Amino acid sequence: AAEPDAVIVADWEQATPLWYYQQVEGWRPDVQIVYPMERLAEVAASGRPLYLARAQSGLTDDWHPSNSGPLIVLQPAPNRELPEQISSLGLRLGNVLELAGCQVPGTPFRSPAVVPLTLYWRALVPPGADYSVSLRLLDGAGQEILRVDSQHPVLGTYPTSFWSAGEIVGDYYEMQLPAGLPAGTYRWGVIVYRALPEGGWENLQVADTGQELALGGSIEVREP
């Protein structure tokens with residue numbers, strides 16, 4: 001998920017497997033793995049493409065974070081281009097956000113596998129509020145199988161109140177399939193919501209549908 005000649009800053013839990021794949025398996029010798037996370041400011045001065053292998057607070061002081069797979073890309077300016085080779089969706093939620101695309105493996109899964117999914121959001125306007133994301137997995141009858149909620153996108157590091165109009169943000173999730181999940185086709189979707197100052201919640205509606213759940217796609221599950 002890293003650009004050529006990139007730097008990935010990590011703590012030992014992430015650096016150890018990355019070093020293994022690099023030094024033993026021979027993967028990506030162009031990438032530098034830097035440990036510990038406290039060296040971020042030092043490494044940032046190099047000007048090389050910069051990634052974090054885990055979430056960290058305070059990133060919005062200097063960066064516009066986004067996900068490239070499970071890695072957090074630290075961008076000095078907002079990104080306004082969708083990456084290539086993603087599935088386009090174009091689902092507008094209210095007048096605030098668009099679920100512009102997604103990236104999910106097309107191969108079938110067997111429970112209890114973990115399904116990686118990256119959503120790509122486009123801010124239609126400066127959101128002006130902090131919206132949360134609730135990822136849902138549904139069976140063929142529309143019953144909820146699981147949900148994954150995140151208070152802020154990009155592994156909790158990039159509140160939407162910091163986004164600018166036209167900005168595109170990658171937002172990574174993992175869905176842990178329940179053990180023994182029957183084979184079949186399952187749909188996934190998202191609900192975008194915010195806490196109201198006076199209490200309660202506001203869910204953004206999908207344009208032209210009146211629905212709050214934006215259905216994005218499906219995954220295939222095989223027999224365990």
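Reader: How many helices and strands are there in the protein chain?

Author: You get three helices and 15 strands. These are DSSP runs numbered from the N terminus: H or I over at least four residues for a helix, E over at least two for a strand. Keep in mind that this is a predicted model, where local features need pLDDT of at least 70 and side-chain atom pairs count only at pLDDT 80 or more, while totals for chains, interfaces and linings use all residues. Residues are numbered from 1 along each chain as its sequence is written, and side-chain values use heavy atoms, with hydrogens and water left out.

Reader: What makes the radius of gyration of the protein chain agree with that of a compact globule?

Author: The rule, applied over C-alpha atoms, is 2.2 Å times the number of residues to the power 0.38. With 224 residues, that puts a compact globule near 17 Å, and the protein chain has 18 Å, so the two agree. The C-alpha atoms fill a box of roughly 50 × 45 × 30 Å along the principal axes.

Reader: Which strands form the open sheet of four, and in what order?

Author: The order is β6-β7-β9-β12, and the pairing is antiparallel. Two strands count as paired if DSSP finds at least two bridges between them. β6 and β7 have five bridges, and β7 and β9 have six, so by that cut-off both are pairs. In the first pair, Arg 92 is bridged to Glu 98 of β7; in the second, Leu 97 faces Ala 123 of β9 and Gly 101 faces Tyr 120.

Reader: Why do β6 and β12 stand at the edges?

Author: Because β6 (87-93) and β12 (168-176) each have a single partner strand, one side of each is left without a neighbour in the sheet. Neighbouring strands are turned by 25 degrees against each other on average, direction ignored. Such angles are taken between lines fitted to C-alpha atoms (for helices, over the stretch in contact) and run from 0 to 180 degrees between N-to-C directions.

Reader: What makes β7 mostly covered?

Author: Six of its seven residues are buried. Buried means under 20% relative accessible area, exposed is over 50%, and partly exposed lies in between (1.4 Å probe, protein chains only). Over the protein chain, buried residues make up 42% of the 224.

Reader: What is the order of the open sheet of five strands?

Author: β2-β1-β3-β5-β4, with mixed pairing. Its edge strands are β2 (32-34) and β4 (64-68), each paired on one side only. The twist averages 30 degrees from one strand to the next. Inside it, β3 (residues 50-52) and β5 (residues 71-75) are antiparallel over two bridges, which satisfies the cut-off of at least two and therefore counts as a pair.

Reader: Why is the pair of Tyr 20 and Tyr 21 called edge-to-face?

Author: Rings of Phe, Tyr and Trp (its six-membered ring) pair if their centres lie within 6.5 Å; planes under 30 degrees apart count as stacked, over 60 as edge-to-face and the rest as tilted. Tyr 20 and Tyr 21 are 5.5 Å apart centre to centre, with 75 degrees between the planes, so they meet both conditions. Tyr 193 and Trp 201 get the edge-to-face label too, at 5.6 Å and 75 degrees.

Reader: How do you know whether Tyr 193 is buried or exposed?

Author: Its relative accessible area is 15%, so it is buried. Its partner Trp 201 has 60% and is therefore exposed. Tyr 20, at 40%, is partly exposed, and Tyr 21, at 37%, is partly exposed as well.

Reader: Which residues touch the most other members of the largest nonpolar core?

Author: Val 9, Leu 119 and Trp 121, out of 46 residues. A nonpolar core is a set of buried Ala, Val, Leu, Ile, Met, Phe, Trp, Tyr and Cys residues joined through side-chain atoms within 4.5 Å. Strand β9 (residues 114-123) gives the largest share, five residues. Apart from this core lies another of eleven residues, among them Ile 8 and Ala 53.

Reader: What is Leu 119 in contact with, leaving aside its neighbours within four places in sequence?

Author: Its partners include Leu 99, Gly 101, Val 133 and Trp 188. Contact means heavy atoms within 4.5 Å.
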